[in-house]
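Visitor: Before we look at any details, I would like to hear the reasoning behind each label that you use. Please set the values against the cut-offs as we go.

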Amino acid sequence: MKRRMILLAVLAMGLAALCAGGVSAKDVSLESLLKEMTNRAAIAEFPDPYYTCKQASSYDRASVAPDKPGWFANGDASQFVREEMNGDRKEW
């Protein structure tokens with residue numbers, strides 16, 4: 001029941017976005033993505049404008065479960081996005 005309510009909410013937001021208008025052909029928005037997802041011909045074409053999805057995570061695979069050793073493992077192997085100063089502490 002909860003999944004159905006979430007799905008209905010997402011569909012309602014999508015319909016509202018489709019009705020809102022005002023999005024140019026160059027913008028990637030919820031409206032343009034919904035149109036693309038429901039357009040079967042678009043599956044065989046590259047998106048216009050071209051876009052990518054990128055993710056950064058510091059997840060350490062040694063963290064398996066709270067009852068296992070190394071649960072708080074934090075070995076990023078220097079794979080971090082940036083350095084920041086938080087007060088007098090350096091964070092990655």
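Visitor: What makes the pair E83 and K90 a salt bridge?

Guide: This is a predicted model, and in it the side chains of E83 and K90 come to 3.6 Å, N to O. A salt bridge needs a side-chain nitrogen of Lys or Arg within 4 Å of a carboxyl oxygen of Asp or Glu, so the 3.6 Å of E83 and K90 meets the criterion.

Visitor: Why are E83 and K90 both called partly exposed?

Guide: The relative accessible area of E83 is 47%, and that of K90 is 43%. Buried means under 20% and exposed over 50%, with partly exposed in between, and therefore both residues take the middle label.

Visitor: How do you know that R89 forms a salt bridge with E91?

Guide: The closest N and O atoms of R89 and E91 are 2.4 Å apart, which is within the 4 Å limit, so the pair counts as a salt bridge. R89, at 47% relative accessibility, is partly exposed, and E91, with a relative accessible area of 27%, is partly exposed as well.

Visitor: How many salt bridges does the structure hold, and where do E31 and K35 lie?

Guide: The structure holds four salt bridges, among them the one in which the side chains of E31 and K35 meet at 3.4 Å, N to O. E31 and K35 both lie in helix α2, which covers residues 30-38, and they are four residues apart, about one turn of the helix.

Visitor: Is E31 buried or exposed, and what label does K35 receive?

Guide: E31 has a relative accessible area of 9%, and because this is under 20% the residue is buried. K35, at 46% relative accessibility, falls between the two cut-offs and therefore counts as partly exposed.

Visitor: Why is W92 called exposed, and which residues does W92 touch?

Guide: The relative accessible area of W92 is 54%, which is over 50%, so the label is exposed. W92 is found in the segment after β2, the strand of residues 89-91. Leaving aside residues up to four places away in sequence, W92 touches F80, R82 and E83. From W92 to R82 there are 10 residues in sequence, and the C-alpha atoms are 5.8 Å apart in space.

Visitor: Why is S63 called buried, and where does S63 lie?

Guide: At 12% relative accessibility, S63 is under 20%, and therefore it counts as buried. S63 lies in the loop between α2 and β1, the latter being residues 84-86. Apart from residues up to four places away in sequence, S63 touches G70, W71, F72 and A73. S63 and G75 are separated by 12 residues in sequence and by 9.7 Å in space, C-alpha to C-alpha.

Visitor: Which residues make the nonpolar surface patch, and what makes Y51 accessible enough to belong to a patch?

Guide: V28, L33, M37 and Y51 make the nonpolar surface patch, which is about 360 Å². Patch residues need over 30% relative accessible area, and Y51, at 32%, is over that limit, so it meets the accessibility requirement while counting as partly exposed. Y51 lies in the loop between α2 and β1.

Visitor: What pattern does the protein follow along the sequence, and how many of its residues count as buried?

Guide: The protein has two helices and two strands, in the pattern α-α-β-β along the sequence. Of its 92 residues, 9% count as buried. The protein exposes about 8,700 Å², of which carbon and sulfur atoms supply 59%.

Conventions
Residues numbered from 1 in each chain as written. Predicted model: local features only at pLDDT ≥ 70, side-chain atom pairs only at ≥ 80, totals over all residues. Heavy atoms only, no water. Buried < 20%, exposed > 50% of the residue type's maximum accessible area, 1.4 Å probe, protein only. Contact = heavy atoms within 4.5 Å. Patch = residues over 30% accessible without salt bridge, like charges linked within 9 Å, V, L, I, M, F, W, Y side chains within 5 Å. Areas by Shrake-Rupley, 256 points an atom, 1.4 Å probe, with all protein chains shown as cover.
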